[in-house]
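Subject: Structure handover

Hello,

Here is the structure I said I would pass on. Please open it alongside this note.

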Amino acid sequence: MIYGFDKYIKYFDGIIKNRRFANGYIFYGTEGIGKKLFAKEVARVALCKKGSFFNENCGCESCILVKANSHPDLNIYSNEGESSFGIDEIREISEGSYISSFMGGYKFFILDNFHLLKKEACNAFLKTLEEPGENTVFFLITSQIDRIIPTIKSRCIHLRFNRLGNDDIVKILKELGYNDEVIGNVLDISDGSVLFALKHIKYLFPDEYGRDKKGKLKGINDNFNWDDIMEHAYNLLKMIEKDDLRYYILFLLGRVIEIYKQRKEYKYLILFDNLMEIYRMLDYNVNLRILRGYILTKIYGVIGEKI
């Protein structure tokens, strides 16, 4: 859910309806107020197959993929810890920006903490920004716009995101599952930032911070090893609820896209299509036991052997 940025919702609603995107935007403002999340929501609405509005819960194929961070036309790069990107990733972005969109329409690139990019990478990105691919849109996210080189800033539209109001922070923290006591103790020291609020929660309420509010399935994490794909896929045989299957398939979709971007092998696109077909089957009254076996068959049929 997007809170606190109504004027930009209206602004981008007009852009999307009129198909008038610029090639580059800089979203700047305090850390942890939702700039990257807003960029992702703009991309979701623009890519939506049913014309949904901001904050609407759409179930079209495109929106499902965006929610799962699996949409082939939405690329998110973060400059944070092990996820930092540099000259190699910028070259990858440059190449990707000239490839036609996978699902028709725009291609979006969200580059978080852009101000941390080194000079060499900035110069390489500048060339891409000067001659962008067709229907390519870049969102550069930063809390320190002054550190972005002038030649890049001059080629982008600048949008300042202000600190969130207390009411918005309360809504967000409640959505994350925190109670009134926790929220009340950090609200006045959050400085309009959800990130700062969460840091205070981590310090003041360590038992509450980072609690898994939605109960993710065991065995699913960011360290998924594709060499053991069949071992992970066999976890499907233990799942008896539709929601568990939905979550797991969304997880697999995200990893399939990641491995395709790394290896550029067509079989992963086939697997992606197969998994999407299976995901849509869950909207109907299907035999889950048969469906689980069908998923395994599709995965093994595409992979064939260890990756």
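Which element supplies the largest share of the lining of the second largest pocket? Helix 4 does, with three residues. Keep in mind that this is a predicted model.

The pocket

The volume of the second largest pocket is about 280 Å³. Its lining is made of 14 residues. Nearest the centre lie Asn75, Gly96, Ile99, Lys261 and Lys264. By class, the lining has six nonpolar, two polar and six charged residues. Four elements each give at least two residues to this lining: strand 2 (74-78), helix 4 (87-97), strand 3 (107-112) and helix 11 (242-263).

The sheet

Strand 2 and strand 3 also belong to an open sheet. Five strands form that sheet, in the order 2-3-4-1-5, and their pairing is parallel. Strand 2 and strand 5 (157-161) are the edges, and each pairs on one side only. From one strand to the next, the twist averages 15°.

Take one pair inside the sheet. Strand 1 (residues 24-29) runs parallel to strand 4 (residues 136-142), and five bridges join the two. Isoleucine 26 has leucine 140 of strand 4 as its bridge partner.

The helices on the sheet

Helix 4, already met in the pocket lining, lies across strand 2, strand 3 and strand 4. Its direction is at about 165° to strand 3. Helix 5 (residues 119-130) packs on the sheet too, where it touches strand 1, strand 3 and strand 4. The angle between helix 5 and strand 4 is about 140°.

How do the two helices sit relative to each other? The axes of helix 4 and helix 5 come within 9 Å and cross at roughly 5°. Angles under 35 degrees count as roughly parallel, so helix 4 and helix 5 are roughly parallel to each other.

Which residues make the contact between helix 4 and helix 5? From helix 4 come Ile87, Ile90, Arg91, Ser94 and Ser97. They meet Glu120, Ala121, Ala124, Phe125 and Thr128 of helix 5. That contact divides into five nonpolar, three polar and two charged residues.

Best wishes

Notes. Residues numbered from 1 in each chain as written. Predicted model: local features only at pLDDT ≥ 70, side-chain atom pairs only at ≥ 80, totals over all residues. Heavy atoms only, no water. 1 Å grid on protein atoms, 1.4 Å probe; cavity = no way out; pocket = protein on both sides within 12 Å on 5 of 7 lines; lining within 4 Å. Points joined across faces, edges and corners; volume = space filled by probe spheres on them. Nonpolar A, V, L, I, M, F, W, Y, C, P; charged D, E, K, R; others polar. Pairing = 2+ DSSP bridges. Axes fitted to C-alpha atoms, helices over the stretch in contact; angles between N-to-C directions. Contact = heavy atoms within 4.5 Å. Parallel < 35°, antiparallel > 145°, perpendicular 65-115°, else oblique.
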